[in-house]
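Work through the following exercises with the sequence and the structure side by side. Try each task on your own before you read its solution.

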Amino acid sequence: MRVLVLGRTGYLGRHVVAQLRGLPDTQLPEAGRSTAGTGAGLRIDLATDPPDRLAKTLAEAAPDAVINCAGATAGDAVTLAEVNTRGPAVLCAALRQAAPRARLVHLGSAAEYGPGEPGTKVTETAATRPLGPYGATKLAGTAVVTASGLDAVVLRVGNPVGPGAPPTGLPGRVAALLREAGASTGAGPEARAGAVLRLGDLSAYRDFVDARDVARAAVLAVMAAGPLPPVLNIGGGEAVRVRDLVHLLARRAGFGGQLEEDTKDTGAAGGSARSAAVSWQCSDITAADEALDWRPSYTLEESLAALWADGGTGATGEDTAGTEGDRAP
């Protein structure tokens with residue numbers, strides 16, 4: 001099977017590629033925004049390539065399946081629309097022309113749902129009320145994929161965590177701050193005990209899922225026989241207070257200093273205006289279990305241990321080329 005992974009150099013894309021490389025009889029055509037100096041490969045940029053050019057490139061790749069991890073989590077509304085909405089639209093148009101029988105697995109975001117009802121897990125049929133351009137552009141991308149007529153499924157991903165988590169998401173950002181605090185105060189326990197880490201509002205609840213579990217879900221979706229539901233939630237299935245995650249990570253880091261939380265400062269590290277507007281988020285993952293025989297295999301503690309052990313050497317954010325991770329609000 002030839003599986004083309006778009007966004008392969010980003011956070012989730014790298015984990016997807018690692019999962020696929022462990023499978024027998026699976027080929028991974030190389031693709032990136034630029035192939036200069038590589039001697040081989042396909043140049044793909046979903047944000048700028050016209051459909052006809054992309055169709056020619058896809059015809060050359062001849063994929064049996066495409067996993068689209070490409071996307072953007074930050075930037076102005078125009079940038080987000082170009083990558084998160086135009087990208088899937090161009091990809092679907094090109095696939096219909098060049099590889100209409102290929103299965104498309106597209107990574108969406110739980111941000112498409114918007115604010116959740118405290119105590120309630122959201123299902124795939126719930127109303128979508130995204131806040132801000134990120135969730136709105138991801139939702140538009142999902143609409144394009146589900147209406148494409150292709151053999152396609154959208155995986156609505158919760159908040160990814162685990163090895164390689166970039167500083168554009170909360171777990172990676174807090175890990176980076178903890179490393180900086182340790183480096184600035186020295187190695188001694190007395191020095192570390194005097195450190196102060198100032199964070200924003202951490203009262204929100206989020207559904208965290210290990211990036212390796214997201215990758216496994218994407219691979220299972222590629223390999224599944226028969227048609228799949230148009231949308232499947234991929235999350236941890238539990239609402240975790242962000243404050244609890246931060247304290248777990250601090251203990252894993254051996255941080256003995258103080259964690260100061262300013263509940264009025266939503267712009268400080270660890271909090272955001274978008275987080276303040278979405279105080280609860282939790283996905284019902286029953287459908288993914290039924291359709292893919294998928295469920296999370298890593299606990300939050302295991303994900304945080306892997307994140308810390310990674311040493312901050314993981315990929316940065318999402319790759320806007322056609323060659324990931326999502327960040328929920």
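The exercises below move from the whole chain to its cores, its helices and some single residues.

The model is predicted, so local features are taken only where pLDDT is at least 70 and side-chain atom pairs only at pLDDT 80 or more, while totals for chains, interfaces and linings use all residues. Residues are numbered from 1 along each chain as its sequence is written, and side-chain values use heavy atoms, with hydrogens and water left out.

**Exercise 1. The whole chain**

Task: State how many helices and strands the protein has, and what percentage of its residues is buried.

Solution: Begin with the secondary structure, where helices (H or I, at least four residues) and strands (E, at least two) are DSSP runs numbered from the N terminus; the protein has 11 helices and 13 strands. Next take burial, for which buried means under 20% relative accessible area, exposed over 50%, and partly exposed in between, with a 1.4 Å probe and protein chains only. Buried residues make up 52% of the 329 residues. Finally, the accessible surface (Shrake-Rupley method, 1.4 Å probe, with only the protein chains shown counting as cover for residues) comes to about 13400 Å², and 52% of this surface belongs to carbon and sulfur atoms.

**Exercise 2. The nonpolar cores**

Task: Find which residues touch the most other members of the largest nonpolar core, and which helix gives the largest share of this core.

Solution: First recall that a nonpolar core is a set of buried Ala, Val, Leu, Ile, Met, Phe, Trp, Tyr and Cys residues joined through side-chain atoms within 4.5 Å. In soluble globular proteins, nonpolar side chains tend to be buried together. Here the largest core holds 58 residues, and Ile67 and Leu155 touch the most other members. The largest share of this core, 8 residues, comes from helix H7 (residues 211-223). Now follow Ile67 itself, using contact in the sense of heavy atoms within 4.5 Å: leaving out residues up to four places away in sequence, Ile67 touches Val3, Leu4, Val5, Leu6, Val16, Leu20, Val105, Ala218 and Val222. Apart from the largest core lies another one, of 24 residues, whose members include Leu6, Ala94, Ala99 and Leu150.

**Exercise 3. The cover of a helix**

Task: List the buried residues of helix H1 (residues 11-21), and name elements that cover them.

Solution: Start with burial, which in H1 applies to Tyr11, Leu12, Gly13, His15, Val16, Val17 and Leu20. Then look at what lies over these residues: the cover includes strands E1 (3-6), E4 (65-68), E5 (103-109), E6 (151-157) and E7 (159-161), together with H7.

**Exercise 4. Two helices side by side**

Task: Decide whether helices H3 and H4 are roughly parallel or roughly antiparallel to each other.

Solution: Take the axes as lines fitted to C-alpha atoms, for helices over the stretch in contact, with angles from 0 to 180 degrees between N-to-C directions. The axes of H3 (residues 77-98) and H4 (residues 132-146) come within 8 Å and cross at roughly 10°. Angles under 35 degrees count as roughly parallel, over 145 as roughly antiparallel, 65 to 115 as roughly perpendicular and the rest as oblique, and H3 and H4 are therefore roughly parallel to each other. Among the residues that make the contact are Leu80, Asn84 and Cys92 of H3, and Tyr134, Lys138 and Val144 of H4. As a last step, sort the contact residues, with Ala, Val, Leu, Ile, Met, Phe, Trp, Tyr, Cys and Pro as nonpolar, Asp, Glu, Lys and Arg as charged, and the others, Gly among them, as polar: the result is 11 nonpolar, 4 polar and 1 charged.

**Exercise 5. Single residues**

Task: For Gly172 and Asp25, decide whether each is buried or exposed.

Solution: Gly172 lies in helix H5 (residues 170-185) and, at 6% relative accessibility, counts as buried. Beyond its neighbours up to four places away in sequence, Gly172 touches Ala165, Pro166, Pro167 and Leu307. Asp25, by contrast, is placed in the loop between H1 and strand E2 (31-32) and is exposed, with a relative accessible area of 71%. Asp25 also has a positive phi of about 60°, although it is not a glycine.
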